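These are my notebook entries on how strands and helices are arranged in one structure. I wanted to look up which strands pair and what packs against them.

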Amino acid sequence: MKKILVVDDSALMRRVLCDIIDSDTRFHVEDRATNGLEALDMLSRKTYDAVILDVNMPKMNGLELLKEMQKYKISARVLMASTDTREGAKITLEALELGALDFIHKPDNAADCRGEVFSKRLLELLAVVSDSKLPVFEPAVKQQEKRAVTDKMATLVKRHTVSTGGRKIVAIASSTGGPKALQAVIPLLPADLRAPVLIVQHMPKGFTASLAERLDSLSAIKVKEAAEGDVLQNGIVYLSMAGMHMNVTEQGGKAVIHYTDEPPREGVKPCANYMYESLGGSGFDEVVCVVMTGMGADGTKGISNLKSNKKIHVIAQEQNSCAVYGMPRSVVNAGLSDQVVPLEQIAQEIILNVGVK
């Protein structure tokens, strides 16, 4: 039975979270803390299989606790419990940089937290986080070293590439563990990438704009939340907004973002299958499909359908670097993958496949 530490300043929310966790025979709430300061003391003395950490708390908030854990080299698998406010989303994404492995959107109403949807999602993510073999903290210097490698590669590609074989586009699908994984890929892409980049990341409403802003602040390449009518341009990353399905349509010879409001597909909205299938009618000559960490099989059907209309190259994230090897496994098992690479190599494979201006 896995030992869990729950950190939340609300007595009611602590009770709800603990009831959900203790209802599953895989887990046991070992300790409870009302703020980051209490949690830091517990973490310095005991080891837990996972920590559920609130964002906003008195004395020491979730972000401050993660910074202290880094400072004192206290390693723990952390699942953030976040509100959907703009500030809450921003702090949550900073928490992923500081070592949190994933996050769950915490409803404002405790009654909604007791519902089946939240309970199921909490237990799913808790299982993922507590089983994770991923490194909790990555020193900033390591990320800088990776950036130097891809910058050098981009320079070599620019110098030696004679032709990239027509118009190309990169289309990325990611889910559980995706926000953290995207922060290990997008900042390594050069500003003069010879292709637009589309991303469908399964997230609650309120988080995609903050994720786009966060990635943009970390990257040389421009990142934005895709807006209706955006004309796709090379060297720009377009992140789908939550709650709608992102498609690409052709208007006057230009590729344009178009959102549709069909029901969830594969249980998610946005669904990457719609993105991939819409590219079948686009003017791009080749689609580089990248399928990253996530539960389920989103992306597989869309890529399979796309393959009958377009030349594609499919990159799947390798199992050991995934928080959840669901979506990439589905693509690999379907025989659709051309490459299976670890997370740290995805950016360089994108660069090699589409080129640099």
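Entry 1. I began with strand 3 (residues 50–54) and strand 4 (residues 78–82), and I found that they run parallel and are joined by four bridges. I keep in mind throughout that this is a predicted model. Looking for a single pair of residues to follow by eye, I noted that Asp54 stands opposite Ala81, which belongs to strand 4. I then looked for a helix beside these strands and found helix 3 (residues 62–71), which packs on the sheet and touches both strand 3 and strand 4. The direction of helix 3 makes about 140 degrees with that of strand 3.

Entry 2. Next I wanted to see the sheet around this pair, and I read it as an open sheet of five strands in the order 2-1-3-4-5, with parallel pairing. Strand 2 (27–33) and strand 5 (102–105) each have a single partner strand and stand at the edges, so one side of each is left without a neighbour in the sheet. From one strand to the next, the twist averages 25 degrees. As a reminder to myself, strands of a sheet pair through backbone hydrogen bonds, and the pairing can be parallel or antiparallel.

Entry 3. I returned to helix 3 and asked how its axis lies against that of helix 4 (residues 86–97). The two axes come within 10 Å and cross at roughly 10 degrees. Because angles under 35 degrees count as roughly parallel, helix 3 is roughly parallel to helix 4. I listed the residues that meet: Leu63, Leu66 and Gln70 from helix 3, and Ile91, Glu94, Ala95 and Glu97 from helix 4. Sorted by class, this contact between helix 3 and helix 4 has four nonpolar residues, one polar residue and two charged residues.

Entry 4. I then moved to another open sheet, formed by seven strands in the order 8-9-7-6-12-13-14, and its pairing is parallel. Strand 8 (222–225) and strand 14 (339–341) are the edge strands, each pairing on one side only. Ignoring direction, neighbouring strands of this sheet are turned against each other by 20 degrees on average.

Entry 5. Within that sheet I followed strand 7 (residues 197–201) and strand 9 (residues 236–239), which run parallel and are joined by three bridges. The bridge partner of Ile199 is Leu239, in strand 9. Finally, I asked which strands helix 9 (residues 208–218) lies across. They are strand 7, strand 8 and strand 9, and helix 9 runs at about 175 degrees to strand 8.

Technical notes:
Residues numbered from 1 in each chain as written. Predicted model: local features only at pLDDT ≥ 70, side-chain atom pairs only at ≥ 80, totals over all residues. Heavy atoms only, no water. Pairing = 2+ DSSP bridges. Helix = DSSP H or I, 4+ residues; strand = E, 2+ residues; numbered from the N terminus. Axes fitted to C-alpha atoms, helices over the stretch in contact; angles between N-to-C directions. Contact = heavy atoms within 4.5 Å. Parallel < 35°, antiparallel > 145°, perpendicular 65-115°, else oblique. Nonpolar A, V, L, I, M, F, W, Y, C, P; charged D, E, K, R; others polar.
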